[in-house]
Amino acid sequence: MTTTRMEGPCLPSYRTLSTLALSEPEDHVRELTDWVEHASAVTALPGAQNSWDTAYKWLRLAQGLRTVTFDMSYDDGGMCSAGLDFDAVWTEMMEEWQQHQVRLGYLRAALEGFVRLLHPDTMEPGLAVEAAEQRLHHHADAWPVHARAVADHLRTHAPDGVPGAGTPVAAAVTQAIALHQMAVQGRAAIPEPDSDADGNVFPTGHGEVCAVKEASTVLLLGIQLLMAAAVQEDRVAVFDDKYLLDGMWIPDASGGSRWVDEEMPYGEYLAVLHLQPGEPPEL
């Protein structure tokens, strides 16, 4: 018999807000991919457009990811029902965990591609995002909403931190890449289901799933910061307006939120594209 008993929820508050909640990574990357499609690098460097297109295609891969399929069953010739339950739960766990792991890898490739193009002097994602944070320090309206909160949450999954970057999101980007590198090198622990005294099998690894999921979000936010700084420095040009046909809530100047259901310049949309639209206000 399987159960859905949880070892402890991992649901950051910025994902549960009634308005201005952060979207799931699959929605977040879709909107960021759309933004990049309406922008281009402004540089005379040889091969710049090809580099931009390659990084964009890695984003497209992350956007196109829907499911990862596993079958963790093991035929030992006479498995009991408890063993079957274990395999079924483990299969579900691995499908969720590996979907986030695969997306994280694609997003790392995209981020590193944009860094090589926009910051050829550093080529280190953490340092590039740190420079972007410093560039935007006095431009609060250009900062992606919740960026610092996501960085703070990711730090709870590795409280000792990762050396190499000083500003909040840059440090989180470095940590997210380190998490991915651990999996690439086979050093990441693989969670397994657990069971209770009655033989009920339940999933574990919620912390591991949350860490990789939020690491993906950190890399997405890192790309947004890179783009926001590059737009201000005229190294990236943005075309057209975003048509918010269904409307969405965005922050207002007073610290609250306002409903927008009209055109918005893509340059402004960059700071809010990762927010859940929310329900329209009652008339």
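**Exercise 1. In which loop is the place of Asp-240?**

Before solving it, a quick word on the model. It is predicted, so to speak a computed picture: local features need pLDDT of at least 70, side-chain atom pairs count only at pLDDT 80 or more, and totals for chains, interfaces and linings use all residues. Residues are numbered from 1 along each chain as its sequence is written, and side-chain values use heavy atoms, with hydrogens and water left out.

*Solution.* Step one: find the neighbours. Asp-240 sits in the loop between S4 and strand S5 (241-243); helices (H or I, at least four residues) and strands (E, at least two) are DSSP runs, numbered from the N terminus. Step two: check the backbone. Phi of Asp-240 is near 70°, a positive value in a residue other than glycine. Step three: check the surface. Asp-240 has 57% relative accessibility and counts as exposed (buried is under 20% relative accessible area, exposed over 50%, partly exposed in between, with a 1.4 Å probe and protein chains only).

**Exercise 2. Work out where Asp-234 lies and whether it is buried or exposed.**

*Solution.* Start with the place: Asp-234 belongs to the loop between H7 and strand S4 (236-238). Asp-234 comes just after H7, and its phi is near 60°, a positive value in a residue other than glycine. Now the accessibility: with 59%, Asp-234 counts as exposed.

**Exercise 3. Compare the span of helix H7 with the expected one, then say how enclosed H7 is.**

*Solution.* First, the rule: the expected span is 1.5 Å times one less than the number of residues. Next, apply it: H7 (residues 206-232) has 27 residues and should span 39 Å, and its end C-alpha atoms are indeed 39 Å apart. Last, look at burial: 23 of the 27 residues are buried, so H7 is largely enclosed by the rest of the structure.

**Exercise 4. Do the same span check for H1 and H6, and pick out some buried residues.**

*Solution.* Take H1 (residues 25-37): its 13 residues should span 18 Å, and the end C-alpha atoms are 18 Å apart, which agrees. Among the buried residues of H1 are His-28, Leu-32 and Trp-35. Move on to H6 (residues 168-184): with 17 residues, H6 reaches 25 Å from its first C-alpha to its last, close to the expected 24 Å. Buried residues of H6 include Val-169, Val-173, Ile-177 and His-180. Just after H6, Gly-186 takes a positive phi of about 75°.

**Exercise 5. Describe the surroundings of Ser-40.**

*Solution.* Locate it: Ser-40 is found in strand S1 (residues 39-41). Judge its cover: at 16% relative accessibility, Ser-40 counts as buried. List its partners: leaving out residues up to four places away in sequence, Ser-40 touches Gln-49, Trp-52, Arg-235, Val-236, Ala-237 and Phe-239. A contact here means heavy atoms within 4.5 Å.

**Exercise 6. Sum up the whole chain: what are its elements, and how compact is it?**

*Solution.* Count the elements: the chain has eight helices and eight strands. Then compare sizes: its radius of gyration is 21 Å, close to the 19 Å from the globule rule for 283 residues, so the chain is as compact as a globular protein of that length. (That radius is taken over C-alpha atoms, and the rule is 2.2 Å times the number of residues to the power 0.38.) Finish with burial and contacts: buried residues make up 47% of the 283, and residues 24 or more positions apart account for 74% of the contacts with a separation of 6 or more.
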